[in-house]
Amino acid sequence: MNQTIDIINILIPFLYIITFGIYSYDFTSGGKRFENSKRIFLFITLFVHIIYLILRTIEFDHPPITNVFEIFTVLAFSISFSYFVLELLTDIRGTGPFIIILSIMFQILSSIFIEDLLEVREVLRSNLLGSHVFSALLGYSGITISAVYGFLYLTLYKEIKLNKFGLIFNRLPSLEVLERLSFYSAVIGFVLLTIAIIIGIIWLPRAFPNFSYLDPKLIGTFLVWILYGIGIISKITGRWRGKKLIILAIIGFLLAIFSTMVTNFLSRSFHSFY
Amino acid sequence: MNLLSISINHRTAPVEIRESMHLSSEEIKQFVRDLKGSFFNEGVIISTCNRTEIYGIPVNNDVSFSDIRNFLIQRKPNEKISAENFQNFISRDSMRQLFRVITGIDSMLIGDNQIFKQVKDSFTLAEEMQFVGFLMRRVFDSAIKTGKRAITETAISEGAVTVSYAAVQLIEKVFSNLNKKSALVIGAGETGEIAAKNLIDKNIGRLNVTNRTLERAERLASELNARAIPFERFKDHLHEFDIIISATSSEDLLLSKKEIEAAMKKRNYASMVLMDIAIPRDIDPATKKIDYVFYHDIDSLNIIVEQNLAKRRSEIPKVEAIIESELDSFFNWYNSLQVAPTIKSLRDYFENIRAEEIEKNLNRFSSEDREKIEIITKKIMNKILHQPTVELKKTAESGISPEESASRIGIIRSLFGIDSSEKNNPE
């Protein structure tokens with residue numbers, strides 16, 4: 001079983017790279033040759049990936065959420081999975097390469113550094129923690145995708161303004177669609193993060209009786225949450241739109257990444273599990 | 001195959017000659033009546049603003065290109081026209097020309113997708129006039145198949161190649177759905193009208209038209225089911241429009257940056273597309289500096305047009321490959337049609353000689369030998385003809401190029417004088 005897990009662990013980054021290659025070829029060539037097959041390839045990649053996650057859970061007796069590199073593989077999966085669902089719902093098929101590349105990055109890091117952990121700290125064996133981490137990761141996938149679409153929006157906006165009618169102009173959907181995709185992903189991300197935060201707050205005093213409300217993780221998360229909350233409310237009330245909102249989504253994403261890095265690698269937080 | 005065609009087109013003749021040679025459907029009908037039987041057994045006439053072409057299977061080998069050319073010139077006299085304004089094609093070249101026309105690679109605007117329908121309509125007209133027989137039907141079926149393949153398998157018709165379509169392409173990069181958008185077209189002249197019609201084609205939500213002379217705006221508005229706005233008042237409504245297309249002949253700027261800025265403020269900076277397709281320009285180019293204002297003039301639209309044309313030009317080799325493969329499959333079919341009659345004619349030819357010689361020398365044999373000599377000569381003939389028959393049958397199979405197959409059939413027919421003997425003895 002261990003050997004199978006190791007083989008799949010090496011295989012997954014390649015599957016993502018191949019899927020990325022097909023999506024990129026289709027994007028640059030503008031052809032329709034792989035319009036349907038690329039989607040099938042993404043599905044196969046995700047299928048192999050979920051099998052891998054299940055096998056790991058069974059073999060090592062815990063869901064792969066107890067350290068950074070376990071979380072990276074789940075994150076890689078949830079980013080591409082969220083994109084897959086979005087592609088099915090909207091039938092906008094051209095933006096895949098910009099999102100799948102993030103899964104490649106996370107998966108490569110995970111595949112290289114992941115260990116076959118059997119011993120897990122008792123505090124991390126909790127069902128509440130499982131739901132906290134999964135909702136948080138899906139939430140982060142949401143805001144990541146929101147930031148990617150935001151970035152594409154800004155690029156296309158600039159290209160149209162500057163009369164640059166290249167690949168981006170020809171292949172991307174309209175600004176309105178990109179803005180909508182970015183917004184919806186942000187809303188989904190925000191809702192899931194809210195759920196993760198609520199579960200976290202319930203579980204935290206039980207797991208770490210000595211925690212502090214000034215813990216960098218709590219402050220960082222709260223800031224990100226507030227930022228997205230402000231953005232969503234201003235969009236709904238019609239006060240903000242377009243570039244302003246998109247920049248907010250990108251700042252939110254960067255802040256989320258920064259806060260995770262700080263809490264995990266630099267500061268002494270209860271949330272460090274590297 | 002004896003398919004003749006003559007073509008007068010944008011490469012061979014200037015616009016005034018092409019215009020003078022243009023045929024209306026009534027004229028085409030009259031032409032067909034005159035051509036049928038005297039020059040062609042079957043055929044098709046295609047006439048658009050950029051070309052007039054006549055295709056047909058001649059009634060006999062005496063019909064020449066100049067006959068058809070003179071036929072056309074006599075009925076559509078023009079002092080300036082000469083033989084140099086025509087291109088002549090025969091057989092495979094003739095079909096290649098038809099395929100090039102229907103795929104749009106011979107068009108002035110490469111990949112022009114209107115030509116496909118025009119060729120189809122010409123064929124339908126010929127059909128109605130009972131000018132289309134078994135062979136022409138097959139030729140045009142192949143042409144239509146080639147046209148469809150070019151559209152679906154290549155990018156020959158993709159992208160906007162006119163300024164007004166480029167404007168629509170740009171608008172669609174900003175807005176996803178035009179049926180919830182409101183547009184204003186300033187200027188009800190020809191350019192404005194085309195722009196307005198393009199917006200209607202894209203299901204624009206609300207279309208407004210304004211013009212210095214209100215009647216003209218009202219006329220266009222009623223034609224397109226739009227709203228006409230008096231010229232003096234259109235600036236009061238600027239903030240209502242998501243798209244403004246300006247195409248007037250005004251010498252001065254009609255819309256200043258300040259006015260657009262005020263409108264943007266009023267509409268809370270919801271995106272606005274400004275298309276200035278007038279020369280000289282109608283809208284201050286400085287408006288492009290305003291956030292969420294997408295200002296484009298003729299020059300920037302021309303960039304899109306040029307890019308798309310270049311892309312279409314790069315697709316021509318792919319279309320040519322499709323044309324050649326369809327020509328091959330047509331001629332494979334056509335040659336297979338020729339094989340069976342050729343074998344039959346060849347056998348008939350030998351059988352006639354055999355029967356004739358037996359007849360002449362019958363008295364030299366005793367009555368009991370006559371049956372034997374009949375059997376023996378038939379056996380000899382069958383043995384002689386076995387190899388040529390097998391080889392001829394092979395030409396109908398795939399793997400042999402249509403040219404090779406046609407040349408084999410041709411050699412046999414001419415070696416044994418099959419065509420001439422058939423002409424001398426028409427059945």
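**Entry 1: two helices in chain B**

I began with the residues through which two helices of chain B touch, and I noted that Val163(B), Ala166(B), Ala167(B), Gln169(B) and Leu170(B) of α7(B) meet Ile298(B), Leu301(B), Asn302(B), Ile304(B), Val305(B) and Asn308(B) of α11(B). Sorting the residues of this contact by type, I counted eight nonpolar and three polar, with no charged residue among them. I keep in mind throughout that this is a predicted model.

I then looked up the geometry of the pair, since two packed helices are described by the angle between their axes and the distance between the axes. For helix α7 (residues 163-174) of chain B and helix α11 (residues 298-361) of chain B, I found that the axes come within 9 Å and that they cross at roughly 95 degrees. Because angles of 65 to 115 degrees count as roughly perpendicular, I entered α7(B) as roughly perpendicular to α11(B).

**Entry 2: the sheet of chain B**

Next I traced an open sheet of four strands in chain B, whose order is β2-β3-β1-β4 and whose pairing is antiparallel. At its edges I found β2 (40-47) and β4 (87-90) of chain B, each of which has a single partner strand, so that one side of each is left without a neighbour in the sheet. Ignoring direction, I noted that neighbouring strands of this sheet are turned against each other by 15 degrees on average.

I followed the edge strand β2(B) to strand β3 (residues 51-58) of chain B, and I found the two running antiparallel and joined by seven bridges. For Glu42(B), I looked up the bridge partner in β3(B) and found Ile57(B).

I also checked which helices pack on the sheet, and I recorded that helix α2 (residues 25-35) of chain B touches β2 and β3 of chain B, with a direction that makes about 160 degrees with that of β2(B). Helix α6 (residues 134-153) of chain B likewise packs on the sheet and touches β2 and β3 of chain B, but I noted that its direction makes about 35 degrees with that of β2(B).

**Entry 3: chain B against chain A**

Finally I turned to the contact of the two chains, which takes 26 residues from chain B and 24 residues from chain A. I recorded that chain B and chain A bury about 1,900 Å² between them, of which 47% is on carbon and sulfur atoms. In chain B, I found that Lys173(B), Tyr292(B) and Phe294(B) lose the most area to chain A, together 33% of what that side buries.

I looked for salt bridges across the interface of chain B and chain A, and the rule finds two. One that I examined joins Lys181(B) to Glu176(A), with the closest N and O atoms 2.7 Å apart.

Technical notes:
Residues are numbered from 1 along each chain as its sequence is written. Chains are lettered from A and ligands numbered from 1 in the order in which they are written. This is a predicted model: local features need pLDDT of at least 70, side-chain atom pairs count only at pLDDT 80 or more; totals for chains, interfaces and linings use all residues. Side-chain values use heavy atoms; hydrogens and water are left out. Axes are lines fitted to C-alpha atoms, for helices over the stretch in contact, and angles run from 0 to 180 degrees between N-to-C directions. Angles under 35 degrees count as roughly parallel, over 145 as roughly antiparallel, 65 to 115 as roughly perpendicular and the rest as oblique. Contact means heavy atoms within 4.5 Å. Ala, Val, Leu, Ile, Met, Phe, Trp, Tyr, Cys and Pro count as nonpolar, Asp, Glu, Lys and Arg as charged, and the others, Gly among them, as polar. Two strands pair if DSSP finds at least two bridges between them. Buried area is the accessible area (1.4 Å probe) that two parts lose on being put together, summed over both. A salt bridge is a side-chain nitrogen of Lys or Arg within 4 Å of a carboxyl oxygen of Asp or Glu.
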